[in-house]
Structure formats: structure tokens, C-alpha cells
Amino acid sequence: MRAVTKKESPTKFLFNAMTSEEYERAKRLHQFLKNITKGSHGYLRIEWEELIDMSSGFLKTTPYDAYRILMKMKEYGWIKEI
């Protein structure tokens, strides 16, 4: 029997993992984004700068922290396409 490995390494989550605070914020933001996109079947058409501003306001963080959380959500598969 042989073990089959994936080409993509799972270690990317080790170095770019969310902290517990970021994870709680990301869960809240993900739920919020799901609620506002129910009518459009999960699609949200918004400018990138406006999404970061909206996210930073919703999460009560700086725009840079909101950007980092959004990018980690994309990396984890919570957001499919930005």
C-alpha cells in the first residue's frame, strides 16, 4: 500500500494561521457576508476598497487588519473569489 500525498503542502496554515481573536472576527464577518448575499446566491459585487472599509467598520479594526482577515478567509476557503 502506498500513501498518496497532495502536491500542495498543508503547512501554509501553520505559518499564516489565524489567532483566536482573528478567528472569532472572521466567523462574524463570514456570517454577515452570508446574510447580505442571500438574495444574490452568494455573490457580492463591491469595489475592493469599499469591502475593506465595510469590513473594518463591521469588525471595528484598522483597514490593514480587515485586509489580513479577508485574505486569510480566502486562503482558508471561506471566500471563493475576490
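**Entry 1: a lysine to start with**

Does Lys 72 count as buried or exposed? I looked this up before anything else, keeping in mind that the model is predicted. Lys 72 has a relative accessibility of 6%, so I wrote it down as buried, the cut-off being under 20%.

Next I wanted its partner. Lys 72 forms a salt bridge with Glu 22, and the closest N and O atoms are 2.8 Å apart. I then checked where the two sit: Lys 72 is in helix H4 and Glu 22 is in helix H2, so to speak two distant parts of the chain, 50 residues apart, are linked by this pair. Glu 22 counts as buried as well, at 11% relative accessibility.

**Entry 2: the other salt bridges**

How many salt bridges does a search of the whole structure find? I noted five. Besides the pair above, I followed up two of them.

In one, Glu 24 is bridged to Lys 27, with 3.9 Å between the closest N and O atoms. Both residues belong to helix H2 and are three residues apart, about one turn of the helix. I have Glu 24 down as partly exposed at 44% relative accessibility. Lys 27 is partly exposed too, with a relative accessible area of 37%.

In the other, the side chains of Asp 65 and Arg 68 meet at 3.2 Å, N to O. Here the helix is H4, and again the two residues are three apart, about one turn. Asp 65 is partly exposed with a relative accessible area of 26%, and Arg 68 counts as partly exposed at 28%.

Then I looked at how these bridges connect. Glu 22, Asp 65, Arg 68 and Lys 72 are joined into one network by salt bridges that share partners. My buried lysine from the opening entry, Lys 72, is thus a member of a network.

**Entry 3: aromatic rings**

I turned to the rings and found three aromatic pairs in the structure. I wrote up two of them.

Why does the pair of Phe 32 and Phe 58 count as stacked? The ring centres of Phe 32 and Phe 58 are 4.4 Å apart and the planes are at 20°, so the pair is stacked; the limit for that word is under 30 degrees. Phe 32 lies in helix H2, residues 20-36, and Phe 58 lies in helix H3, residues 48-59, so the pair ties together parts that are 26 residues apart in sequence. Phe 32 is partly exposed, its relative accessible area being 24%. For Phe 58 I noted 27% relative accessibility, which also counts as partly exposed.

The second pair I looked up is Trp 48 with Tyr 67. Their ring centres are 6.0 Å apart and their planes stand at 85°, so this pair is edge-to-face; over 60 degrees is what that takes. Trp 48 is in helix H3 and Tyr 67 is in helix H4, residues 63-76, so parts 19 residues apart in sequence are tied together. Trp 48 has a relative accessible area of 27% and is partly exposed. Tyr 67 is partly exposed as well, at 35%.

**Entry 4: patches on the surface**

Which residues gather in a patch of negative charge on the surface? My list reads Glu 47, Glu 49, Glu 50 and Asp 53. I looked at Asp 53 in particular: it lies in helix H3 and counts as partly exposed at 48% relative accessibility.

There is a nonpolar surface patch too, of about 210 Å², made by Ile 36, Leu 44 and Ile 46. Ile 46 sits in the loop between H2 and H3. At 31% relative accessibility, Ile 46 is partly exposed.

**Entry 5: one last tyrosine**

Where is the place of Tyr 64? I found it in helix H4. Tyr 64 counts as exposed, with 54% relative accessibility; the cut-off is over 50%. I also checked it against Asp 53 from the previous entry. The two residues are 11 apart along the chain, and their C-alpha atoms are separated by 9.7 Å.

Definitions and conventions: Residues are numbered from 1 along each chain as its sequence is written. This is a predicted model: local features need pLDDT of at least 70, side-chain atom pairs count only at pLDDT 80 or more; totals for chains, interfaces and linings use all residues. Side-chain values use heavy atoms; hydrogens and water are left out. Rings of Phe, Tyr and Trp (its six-membered ring) pair if their centres lie within 6.5 Å; planes under 30 degrees apart count as stacked, over 60 as edge-to-face and the rest as tilted. Helices (H or I, at least four residues) and strands (E, at least two) are DSSP runs, numbered from the N terminus. Buried means under 20% relative accessible area, exposed over 50%, partly exposed in between (1.4 Å probe, protein chains only). Patches are made of residues with over 30% relative accessible area and no salt bridge: like charges are joined within 9 Å, nonpolar side chains (Val, Leu, Ile, Met, Phe, Trp, Tyr) within 5 Å. Accessible areas come from the Shrake-Rupley method with a 1.4 Å probe; for residues, only the protein chains shown count as cover. A salt bridge is a side-chain nitrogen of Lys or Arg within 4 Å of a carboxyl oxygen of Asp or Glu. Lys and Arg count as positive and Asp and Glu as negative; His and the chain ends are not counted. The place of a charge is taken as NZ of Lys, CZ of Arg, CG of Asp or CD of Glu.
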